[in-house]
Each structure stands twice: as structure tokens, then as C-alpha cells.
Amino acid sequence: GGGVVAYSEAQVDASKTSVQVNEKDCKKKRVVVLGTGWAGISFLKDLDVSAYDVQVVSPRNYFAFTPLLPSVTCGTVEARSIVEPVRNIIKKRNGEIQFWEAECMKIDAANKKLLCRYTVENNLVGNDEFSLEYDYLVIAVGAQVNTFNTPGVLENCHFLKEVEDAQKIRRSVIDCFEKAVLPGLSEEERRINLHFVIVGGGPTGVEFAAELHDFVQEDLVNLYPSVKDLVKITVIQSGDHILNMFDERISGFAEQKFRRDGIEVQTGSRVISVSDKEITMKLKAKGEICSVPHGLVVWSTGVETRPFVKDFMGQIGQANRRVLATDEWLRVKGCEDVYALGDCATITQRKVMEDIAAIFKAADKDNSGFLTVEEFKDVIDDILERYPQVEHYLKSKHLRDVTDLMKDSEGNDIDEVDIEGFKLALCQADSQVKNLPATAQVAAQQGAYLSKCFNRKYKWKDNPEGPRRFRGSGRHQFHPFQYVLLVVSYARGEQAAAELPGDWVSMGRSTQWLWYSQTSELAYSGVGGIRLDSKIHFRKRFKPHLRQQQRTL
């Protein structure tokens, strides 16, 4: 969870940041970081800034604890409790980091330059544009909302990507209730004003729907008792289930809970347009088109690449890709000294079948043309690290060890295999290649991983620590990035569901404490570099839970 992987406050004395770069810094390699989200701040938190000239560019001068954004929409948590100024974070580092509040407009990969612009509209004097040169570039700008070019979405929908979005939704929800209780409205008009539609059944949409339901049932019905029976919450999902990117047990649990709470879930429905009064969708099962009136629509259907990143992808031969592609070491493919983390990129895992002949040749030490079990064992660790899909494949087949693959057609153990038998044993492993989810956990782990690589870049240059190079000689300089699932928890109210490491799923009332443990740790210890002014700004209904959880901890 967010609280577990968040960033602890640095306990070192920080010298005053200087705006000018001294002569000593000019001799250092310059690292430019784009973005101040989970990936960027995690990278900066652990980086040895004394070894580099570090500069940060971002239009957002604060870090936001995004897992709590749905809670901000309904006032469960105040916005000021989940943000921390970037300059407060970087000044705690024992070294110099320069921050520029600006937006990167273009990456000149050929000349290693960035074109940046100050985007805040005001009447201050001076040029808004400037350029930066870099030796290493870390792209951690996240992604923007994907509207799929659906007509009316930008004009008539709310989004939930930034703190400002959450605050706007909060105001709009109250406005819907205030309008609904005005005299002179018919009951149908009141129902329309209090119909809240969430498009997208992913983590953000489900979290917001659950938060909104709790907010309505525990607070707003007491403030607006005359319309308490007219409120309706609808979740529209194009797929067959909500939370379909997680274990099906969690998906089923969330759908059952929503049904009990009176939250309508419309699966198999694709939105084709949104107006200020109605949302029009196509039902996949019947092929029918229907329109539903609404009071407020929150659009949460996924993300897409930012424009300047798309332009950069065109420069390096990735124009046909949906997101920026990196290798297992987070290096952007087709561009030297550029790294990409978080939602703006995806790791392209190398297929084991692409190197199957090279693996066999490296393992066959006596060049006999056959691979024995002992020879296979000598390269097992390197195979599992370089090609993690092999381990996923073993788990899917309930095999205890890679050597269990060395069996004949009848399932009997064999002493050795030739190249064709070796191919047959691993030919289905690549089916287990999976893309990492676009979550804060992934981004934070990638930032921490890359900072360790930078800290040891020159130390391990002559003493590589990574897996064997099956194509070529020697070893890779570093271990490839490996994502470790900590905990993913969803749904709210009196119950919750969580996906845990090792294919475990926990559901029910007790699982709710997994969520409370995250928020209470944030509240009482100030993790993530977020100052909470000695107390968290939770709504009244959460304080007893948090106090009890603190006593338990």
C-alpha cells in the first residue's frame, strides 16, 4: 500500500539550497528529472546527490499522496494533508537539488537538450521559456486522462488525477444536493440532479464510488433528509467485470458489495457521448444505444501518453507504440542515457524463446549437444532473473522447480535433453509475460530501484552484479527491475478486499484494517515527507478507527 512504500522524512541537516551551480557541480554528470510524482520523488529520495548535478523540472511544485485522492473528493481527508511542497522534500537531502516549476515542451534526443516553459498565467516579466542540457534524463511525468476522443467528455466530465480535480468534485457534489432541495423542482428533476455516474470500473472509479456512497449515507442524508431516497450512484464499465485487472475474487467481492449498497454496476456498456444533461452509451450484448440523464459524471477510464512524450517517441522510432518502451533496467529503447518510470512507460520483457539457442549453448559446457540436469541447474538462477515469466509459468503449472520441466511426454524424469526438447520445455513460458499495473506501488519501486543503480553506476562498472549475458560474454551490470506486490486493497465502508503477495486474497471486515493501517501510519508518523501539522485532517467518522488502530500498532 501507499503508506508502506511511501517516503520517510530524511533525518539529516540540509544546507541552504543555492540557485547558482558552482564550478564543482559543473564537472558532475547532470541528471534531469521530469516529474514530481511517485516515481520522480522516490528516485530523488534515495539518489546520492553529491555525485551528480541534479535538476528537477515539473509544472507541479508539490508531491501528492494519490492513493488518498478519492478520499479528498468527499472530505474524508483534507487536501492539505496529502500534499507536500517539493522544495521542502529536496531541502532535506544532504546535497544540492535544483527545482524548476515549469513544463517540458520538447525533448531533443539528438542534442541531449530540453525545451521548458513556465506555464502559470500571470503578468510577471521575463522570458517563460528556457532550455536545459542533460547527461542523463529520467522521465517520470506520469500520464494524462484518456478520453478515447469521446464527444463531450472534456466539456462535461470531471476527472480524478490531481488534487485540484478532487476538490472540484467535492464542490460539485454539494452543488448537486443544494440544487436538488430547491423549491419548485419536480421529483424527477431532483432524481436527475442526484444521479452520480462514474465511467470506468478500475481502482480509481471503484474507490470513488465507495467513498461517495459512504459520504452520502453517513453525512449528506442527515444534512438533506428530504432527498435521501432520491440519490443514485451508477458505475459504467465497458468490460464484463469491475476491477478486472485484479484477482477475480476481488472483482466478485466488489460487485456483491455494490449490489448490497445499492450502487448500480452496468457492465458491457461503452460510452459514446456525454452532454451536460445526458450520457449516451452502447450496450454490447444487445447492440442498443440508450441515454441516461445525470447530475454529475466522473470519467476514470484509463490514461494515455502526454504529447511531448509522444513527440519524443517519434524521434526514437517508437511512434507506433501506445506508451514509451523500456528494457528491464528502465532504459528507454532506442535512446542512450534516458530512463523512464511510472505510468509514462512500460517494460518490454525479453522473450525467453528469443534467446533459447543461446541459453542452451551457454549451459551445454561440454558441447555435447545435450543438456543434463546438472548443467541446467547451473543456469537456473540466471534464467529466472533474466526471464521472470519462467517463474510465473512454473507457478501456473504448480511446478516446484525448473528441473520439473525436464520430463518426457509421459511425465517421467529424464537425464538430458537436446535443443528441441529444451525448446519444448520452455515454449509456453512467454505466455506469462505481463505488463505492470499503473499504480503508485510500481512507480515508487521503480524510482527506488533506479536511484540504487545510479548510486552504484561507476562502482559496479568493472564488477557487474546482474545475471549472465546469454548473448555475449560476462554479466549485466545490474540486476533487472523486479516488481514486488505488497498489498492492493479496494472497497470501503465496513468491509474491504485485498490482494496479497503469494496469490493470497483477503476479504471481509477484518481486511478493512489493511486500509486503516495505511492511512493511520500516514496520519500519525508523517510518512511520505508529508507534514500533517501534528494531526491528520480526517472527517469525524474516521477518527475512532484511527485511534484504535494506533493503539493496536
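This talk goes through one predicted model, from its overall make-up to a sheet, a buried arginine and two loop residues.

First, the conventions. Residues are numbered from 1 along each chain as its sequence is written, and side-chain values use heavy atoms, with hydrogens and water left out. Since we are dealing with a prediction, local features need pLDDT of at least 70 and side-chain atom pairs count only at pLDDT 80 or more, while totals for chains, interfaces and linings use all residues.

Overall make-up. The protein has 18 helices and 26 strands; these are DSSP runs, H or I over at least four residues for helices and E over at least two for strands, numbered from the N terminus. Of its 553 residues, 50% are buried, where buried is under 20% relative accessible area, exposed is over 50%, and partly exposed is in between, using a 1.4 Å probe and protein chains only. Taking contacts (heavy atoms within 4.5 Å) with a separation of 6 or more, 65% join residues 24 or more positions apart.

Next, the sheet. Five strands, in the order β5-β2-β1-β9-β20, form an open sheet with parallel pairing. Two strands pair if DSSP finds at least two bridges between them. At the edges are β5 (97–101) and β20 (338–340), each pairing on one side only. From one strand to the next, the twist averages 15°; axes are lines fitted to C-alpha atoms, and angles run from 0 to 180 degrees between N-to-C directions. Within this sheet, β1 (residues 29–34) and β2 (residues 52–58) are joined in the parallel sense by six bridges. One residue pair to look at is V33 with its bridge partner V56 in β2.

Now R190, in helix α8 (residues 187–193). What is the nearest side chain of opposite charge to R190? That is E187, 7.1 Å away, and R190 is buried with no salt bridge. For the terms, Lys and Arg count as positive and Asp and Glu as negative, with His and the chain ends not counted; a salt bridge needs a Lys or Arg side-chain nitrogen within 4 Å of an Asp or Glu carboxyl oxygen. The R190 side chain does reach the backbone oxygen of L185, at 3.0 Å. Leaving aside residues up to four places away in sequence, R190 touches A180, V181, L182, G184, L185, V227 and L230.

Last, two non-glycine residues with positive phi. K112 has phi near 55° and sits in the loop between β6 (103–108) and β7 (113–117). K112 counts as partly exposed because its relative accessibility is 26%. H398 has phi near 60° and lies in the loop between α14 (389–396) and β23 (416–417). With 71% relative accessibility, H398 counts as exposed.

How values were computed:
A polar contact is a pair of N or O atoms within 3.5 Å; within protein, one must be able to donate a hydrogen and the other to accept it, and residues adjacent in sequence count only if both atoms are side-chain atoms.
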